Structure formats: C-alpha cells, structure tokens
Amino acid sequence: QVQLAESGGGLVQPGGSLRLSCAASGRISRIDFMGWYRQAPGKERELVAATTTDGSTNYADSVKGRFTISRDNAKNTVYLQMNSLKPADTAAYYCKMWINTWGRGADYYWGQGTQVTVSS
C-alpha cells in the first residue's frame, strides 16, 4: 500500500512564503514523476509544477519565478517552495506521483491535499 503525506500548508500574508512537502511511503521501487497541483473553489484542478527523474521541471506560467519544485529521491519526497505569494495562489494543493511498486506495477497516487490561504 502506497501513501502520500503532505504538510506545510497554512495562512500567509501576501508576499510571504511557504514550503510544502509530500512524502511517499510503502513498497516503492522507483518514482518517475512528482508534481504539485492546486484547486481553488469553483475551479478545475491545475498543474502547478512537476519534476521527473532526469531532473527536468515544468511550471505553470502563473508561478514561474516564484515557485520552485525539488525532490529528495532518498526520502521519496517532493517539495514546493512558494515565494511572493499572492491571494490568487489560495487553493488546496495536492501532490501527485507516478510510483513503481514492488510486485504491483506502477500507478498514479495523490496526496490528501493541504490548504494554502494567502490573505491579509
């Protein structure tokens, strides 16, 4: 059984910073894709940032230059450093990973979500 545990959300003032973490646990052999998505009330879930095993990264235009995704393969963990936060960044943030497991093949897994609220 694979589980993703997120942490780091909260309330922050505009211009502030937060760091999200998402750690995967279970019978994991390899994680190819790690990404962060967000969903604001009344809107569709959207990709914020993603990274693959070759180190390549991809960002939504709205967060380029402000957010940084990174990964620690030894810890099966992905991070999202969010700087210069804006009220428009307010959303529930979810991590998503493509995980290869021992004996059960590969699949996408989602975290439970963590709320980020940017408000004065």
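Q: In this predicted model, which residue of E10 does Lys96 stand opposite?
A: Let's start with the pairing of two strands. E9 and strand E10 (residues 105–110) run antiparallel and are joined by six bridges. Within that pairing, the residue of E10 opposite Lys96 is Trp110.

Q: Which residue in E9 is the bridge partner of Gly35?
A: Here we turn to another neighbour of E9. Strand E4 (residues 28–39) pairs with E9 in the antiparallel sense, and 10 bridges hold the two in register as partners. The E9 partner of Gly35 is Lys96.

Q: How many bridges join E9 to strand E11?
A: E11 covers residues 114–118 and runs antiparallel to E9. One place to look is Tyr93, which stands opposite Thr114 in E11. The number of bridges joining E9 to E11 is three.

Q: Which residue takes a positive phi in the hairpin of E9 and E10?
A: This hairpin has three residues between its strands. One residue there has a phi near 85 degrees, and that residue is Gly103.

Q: How many of the 11 residues of strand E9 are buried?
A: Strand E9 spans residues 91–101 and is mostly covered. Being buried means having under 20% relative accessible area. By that cut-off, the number of buried residues in E9 is 10.

Q: Which strand gives the most to the largest nonpolar core?
A: The largest nonpolar core has 29 residues, and Trp36, Leu80, Met82, Tyr93 and Met97 have the most contacts inside it. Strands E3, E4, E5, E7, E8, E9 and E11 each supply at least two residues of this core. With five residues, the strand that gives the most is E9.

Q: Leaving aside its neighbours within four places in sequence, which residues is Met82 in contact with?
A: Met82 is one of the residues with the most contacts inside the largest nonpolar core, and so is Tyr93. Tyr93 is also in contact with Met82 itself. With sequence neighbours within four places left aside, the full list for Met82 is Gly16, Ser17, Leu18, Leu20, Arg66, Phe67, Tyr93 and Val116.

Q: Which two residues form a disulfide?
A: A search of the whole structure finds one disulfide. Its sulfur atoms are 1.9 Å apart, and the link is right-handed, with 45 degrees about the S-S bond. One partner is in strand E3 and the other in strand E9, 73 residues apart, so the pair links distant parts of the chain. The two residues are Cys22 and Cys95.

Q: Is Cys22 buried or exposed?
A: Cys22 lies in strand E3, while its disulfide partner Cys95 lies in strand E9. Cys95 is buried, and the state of Cys22 is likewise buried.

Q: Why does the salt bridge of Asp89 and Arg38 tie together parts that are 51 residues apart in sequence?
A: The closest N and O atoms of Asp89 and Arg38 are 3.0 Å apart. Arg38 is in strand E4, whereas Asp89 is in the loop between E8 and E9, so the pair ties together parts of the chain separated in sequence. Asp89 has a relative accessible area of 2% and is buried, and Arg38 counts as buried at 6%. The separation spanned by this pair is 51 residues.

Q: Which residues are joined into one network by salt bridges that share partners?
A: Asp89 also forms a salt bridge with Arg66, with the closest N and O atoms 2.8 Å apart. Arg66 lies in the loop between strand E6 and E7, so this pair ties together parts that are 23 residues apart in sequence. Arg66 is buried too, with a relative accessible area of 11%. The network joins Arg38, Glu46, Arg66 and Asp89.

Q: Is Asp32 buried or exposed?
A: Asp32 and Arg30 meet through their side chains in a salt bridge (2.7 Å, N to O). Arg30 is partly exposed, at 44% relative accessible area. Since the cut-off for buried is under 20%, Asp32 at 19% relative accessibility counts as buried.

Q: What is the radius of gyration of the protein chain?
A: The chain has zero helices and 11 strands. For 120 residues the globule rule gives 14 Å, and the chain's value is close to it, so the chain is as compact as a globular protein of that length. The radius of gyration is 14 Å.

Key. Residues numbered from 1 in each chain as written. Predicted model: local features only at pLDDT ≥ 70, side-chain atom pairs only at ≥ 80, totals over all residues. Heavy atoms only, no water. Buried < 20%, exposed > 50% of the residue type's maximum accessible area, 1.4 Å probe, protein only. Helix = DSSP H or I, 4+ residues; strand = E, 2+ residues; numbered from the N terminus. Pairing = 2+ DSSP bridges. Core = buried A, V, L, I, M, F, W, Y, C linked by side-chain atoms within 4.5 Å. Contact = heavy atoms within 4.5 Å. Disulfide = S-S within 2.5 Å. Salt bridge = Lys/Arg side-chain N within 4 Å of Asp/Glu carboxyl O. Rg over C-alpha atoms; globule rule 2.2 N^0.38 Å.
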